[in-house]
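The exercises below ask for a careful reading of one model, with a worked solution after each task. Please work through them in order.

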Amino acid sequence: MRFSKLRLTGFKSFVDPTDLIIGDGLTGVVGPNGCGKSNLLEALRWVMGETRAKAMRGGGMEDVIFAGTTSRSARNFAEVNLLIDNSDRLAPSGFNEADQLEIVRRITRDVGSAYKSNGKDVRARDVQMLFADASTGAHSPALVRQGQISELINAKPKARRRILEEAAGISGLYQRRHEAELKLKNTEQNLLRVDDVVEQLA
Ligand code: ATP
């Protein structure tokens, strides 16, 4: 799986549809201060399922929608499309039907976020797991924000372990274990309730 194109529409400063072609090798983004370089990286993190508005430098998730300028009115939605070259057919099942995979996330004011994979509605969790299993995603250590290096140096051991897990490609398993533990806890609670009912009936 290889990212081949990122398209931003109404996302932060990118009001008109804008394509970032990601070719073979290294892709560099250069430009003056405030031209939107960080917004591009945030768009990539966002389409992979980022849920923390703070990580998008906003107060709420709708802050990613183009807020308007003196000459252009604000938009009602923001959309990011990520094209993935899947010719090696390494995408997990459910996403592995074609040589090209297009993941789309759209946020609409007062409605929230919706995701699509090759035109079909998918859940946020499915998209997050797709990228976690591919050892990338919104929290991937491969995406380095400004100020993140000093955060890492000062991080507690538990936070550092997360980074190692991510690099080892097991963060998807970590998420699944967490979900399994929650289910187990729920089942234990249900069993206790059944015991109570049985006792009352006896
Ligand atoms: P630097 O080199 O200083 O780090 P940069 O190229 O990384 O800058 P960004 O931080 O990506 O630039 O972009 C900041 C610009 O994006 C600002 O001009 C800001 O007004 C604009 N911006 C952020 N959110 C929105 C939004 N919702 N609507 C419109 N413009 C926005």
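**Exercise 1.** Determine which elements the buried residues of H1 pack against, and how many of the residues of H1 are buried.

Solution. The buried residues of helix H1 pack against E1, E2, E3 and E4, where helices (H or I, at least four residues) and strands (E, at least two) are DSSP runs numbered from the N terminus, and where contact requires C-beta atoms, placed from the backbone, within 7 Å. A residue is called buried if 20 or more other C-beta atoms lie within 10 Å of its own, exposed if 12 or fewer, and partly exposed in between. By that criterion 8 of the 11 residues of H1 are buried, so the helix is largely enclosed by the rest of the structure. The buried set consists of Asn 39, Leu 40, Glu 42, Ala 43, Leu 44, Arg 45, Trp 46 and Val 47. Just after H1, Gly 49 takes a positive phi of about 110 degrees.

Before going on, note that this is a predicted model, in which local features need pLDDT of at least 70 and side-chain atom pairs count only at pLDDT 80 or more, while totals for chains, interfaces and linings use all residues. Residues are numbered from 1 along each chain as its sequence is written.

**Exercise 2.** Identify the residues that touch the most other members of the largest nonpolar core, and describe the surroundings of Ile 103.

Solution. A nonpolar core is a set of buried Ala, Val, Leu, Ile, Met, Phe, Trp, Tyr and Cys residues joined through C-beta atoms within 7 Å. The largest such core has 29 residues, of which Ala 43, Val 47, Val 64, Val 80 and Ile 103 touch the most other members. Two or more residues each are given to this core by strand E1 (2-9), H1, E3, E4 and helix H2 (124-133). Ile 103 is found in strand E4, and it counts as buried because it has 23 C-beta neighbours inside 10 Å. If residues up to four places away in sequence are not counted, Ile 103 touches Val 47, Leu 82, Ile 84, Tyr 115, Ser 117 and Val 127. With the neighbours within four places likewise left aside, Val 64 is in contact with residues including Phe 11, Trp 46 and Ile 107.

**Exercise 3.** Establish where Pro 32 is found and whether Gly 36 is buried, exposed or partly exposed, then describe the shell around the ligand by class.

Solution. The UniProt annotation "binding site", from an unreviewed entry, covers Pro 32, Asn 33, Gly 34, Cys 35, Gly 36, Lys 37, Ser 38 and Asn 39; UniProt positions are given in the numbering used here, feature names are shortened, and annotations may be inferred rather than shown by experiment. Pro 32 is found in the loop between strand E2 (18-21) and H1, and is exposed, with 7 other C-beta atoms within 10 Å. Gly 36 lies in the loop between E2 and H1, but is partly exposed, with 18 other C-beta atoms within 10 Å. Around the ligand there are 14 residues, the closest being Asn 33, Lys 37, Ser 38, Asn 39 and Ala 67, where near means a C-beta atom, placed from the backbone, within 6 Å. By class, this shell has 4 nonpolar, 7 polar and 3 charged residues, with Ala, Val, Leu, Ile, Met, Phe, Trp, Tyr, Cys and Pro counted as nonpolar, Asp, Glu, Lys and Arg as charged, and the others, Gly among them, as polar.

Conventions: Two residues are in contact if their C-beta atoms, placed from the backbone, lie within 7 Å.
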